[in-house]
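Me: Please take a close look at a single part of the structure shown below. I would like one connected account of it, with the cut-offs stated wherever a term depends on them.

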Amino acid sequence: MLDVKAVSLSFRGVRALAAVDLQVAKGELLGVIGPNGSGKSTLFNVISGIYRPDSGSLVFDGKSLIGVAPAQIVRDGLVRTFQNKRLFVNLTVHENVMVAALKAEPGSALGDVLGLRRSREALESAESRARECLRIVGLTALADVLTKDLPYGAQNRLEIARALVLDPSLLLLDEPAAGLNPSERTEVVQLIRKIHERGITIALVEHDMRIVTGLCSRIAVLDHGEKIADGPAKEVIDDPKVLEAYFGAELSAAEEANP
Ligand code: ADP
Ligand code: MG
C-alpha cells in the first residue's frame, strides 16, 4: 500500500532521515518507534507531503507522492494526525470535526458557487459523518463542549476523529498516547484497535514500548534518522541494536538525573 524507498532529508545540513525504507501492507497495524529526535515525525511529514525529501521515492496505492500537495494526498486516502494537535480550542468538539469534514466534502466549494441546495447537502453529509466519527472515538456526550475545556485524553481522541472523518485507507498516528494518564492511554489503545478492526491500515508512532508491542505485530525502529530494525515485534524488541538505541538513551538520561 505504501512503499517508501531510500528517503533522505536534511535540515540545513542536519540529517533527519538517511535512506529510510518503509513498507506498509494493506490491513497492517505497523509500529514505528525510536528515541526522541530519531526522525519519526519527519518521516510522517515526508509521507504526508509536508516536506519534500532530498532524495528517494514514495509510492502510495501505486502512485508517486513526490510533489503531490498534502490536501490531495488526504483525498487519496492517506491521512495523518499531528503530535502537536491542530485543534481549534475555541470551537466545540463537534465543530472541530465539522471543519475537517467540510474541507473534505467533494463539491462543497462548488456548492457555494452553485447555490444553497448543494451546500446544504454537503453540510448534511458532513454533519452525519462528523457525528459517526465522534461516536467511534467515544466523544458523543462531549460534542457540544468547548475544545479547550476537554480533558487532555479526550483532545487526543478528537484529533483522531478529525482524521477519521477524512475517510482514510491509511492512517498515520503520531504519538496519540503522549502525555496521557494510564486510563486515558488504555482508552486510546482500545480506540486504535477498534479503528484497525474497521479495516483501516495504520502506522503508529509511539514512544511507549508497551503500547506498541501490545498493538503491533510488526515494528520498525528509527535511530538518528536511520532505520535500524524492521520485523516481527518479538524479534525487534530483543534486538541488541534496538535495546541500545532505545533504552541506552533513556538509561543515560536516567543516570544523569540520578548519578
Ligand atoms: P521524532 O519525531 O523521532 O522525535 P523528529 O522527526 O521530530 O523526531 O526530528 C528529527 C530531527 O529533525 C531532529 O533533530 C529535529 O530537530 C530535526 N527537525 C525536524 N523538523 C525540523 C525542521 N522543520 N527544521 C529543522 N530541523 C528539524
Ligand atoms: Mg515526533
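Reply: **The ligand site and its surroundings**

In this predicted model, an oxygen atom of ligand 1 lies 3.0 Å from a backbone N or O atom of Gly39, which makes a polar contact (a pair of N or O atoms within 3.5 Å). Ser38 likewise brings a backbone N or O atom to 3.2 Å from an oxygen atom of ligand 1, whereas for Thr42 it is an N or O atom of the side chain that lies 2.6 Å from an oxygen atom of the ligand. On its own, ligand 1 has 560 Å² of accessible area, of which the protein covers 61% (Shrake-Rupley method, 1.4 Å probe).

Residues are numbered from 1 along each chain as written, with chains lettered from A and ligands numbered from 1 in the order of writing. Local features need pLDDT of at least 70, side-chain atom pairs count only at pLDDT 80 or more, and totals for chains, interfaces and linings use all residues, while side-chain values rest on heavy atoms, without hydrogens and water.

The residues that surround ligand 1 (a heavy atom within 4 Å) are Phe11, Ala16, Pro35, Asn36, Gly37, Ser38, Gly39, Lys40, Ser41, Thr42 and Tyr51. Helix α1 contributes the most to this shell, with 3 residues; helices here are DSSP runs of H or I with at least four residues, and strands are E runs with at least two.

Ser41, one of the residues around ligand 1, also serves the magnesium ion, ligand 2, whose protein donors are the OG of Ser41 and the OE1 of Gln83, at 2.1 to 2.2 Å. These two donors come from distant parts of the chain, 42 residues apart, with Ser41 in helix α1 (residues 40-47) and Gln83 in the loop between β6 (78-80) and α3 (93-104). Donors are N, O and S atoms within 2.8 Å of the metal (3.2 Å for Na, K and Ca), and because water is not among the atoms, the site may look incomplete. Ser41 counts as partly exposed because its relative accessibility is 21%, and Gln83, at 36%, is also partly exposed (buried is under 20%, exposed over 50%, partly exposed in between).

Phe11 and Tyr51, both listed around ligand 1, also belong with Val14 and Ile50 to a nonpolar surface patch of about 340 Å². Within that patch, Val14 sits in strand β2 (residues 14-24) and counts as exposed because its relative accessibility is 56%. Such patches join nonpolar side chains (Val, Leu, Ile, Met, Phe, Trp, Tyr) within 5 Å, or like charges within 9 Å, from residues with over 30% relative accessible area and no salt bridge, a salt bridge being a side-chain nitrogen of Lys or Arg within 4 Å of a carboxyl oxygen of Asp or Glu.

Technical notes: Buried means under 20% relative accessible area, exposed over 50%, partly exposed in between (1.4 Å probe, protein chains only). A polar contact is a pair of N or O atoms within 3.5 Å; within protein, one must be able to donate a hydrogen and the other to accept it, and residues adjacent in sequence count only if both atoms are side-chain atoms.
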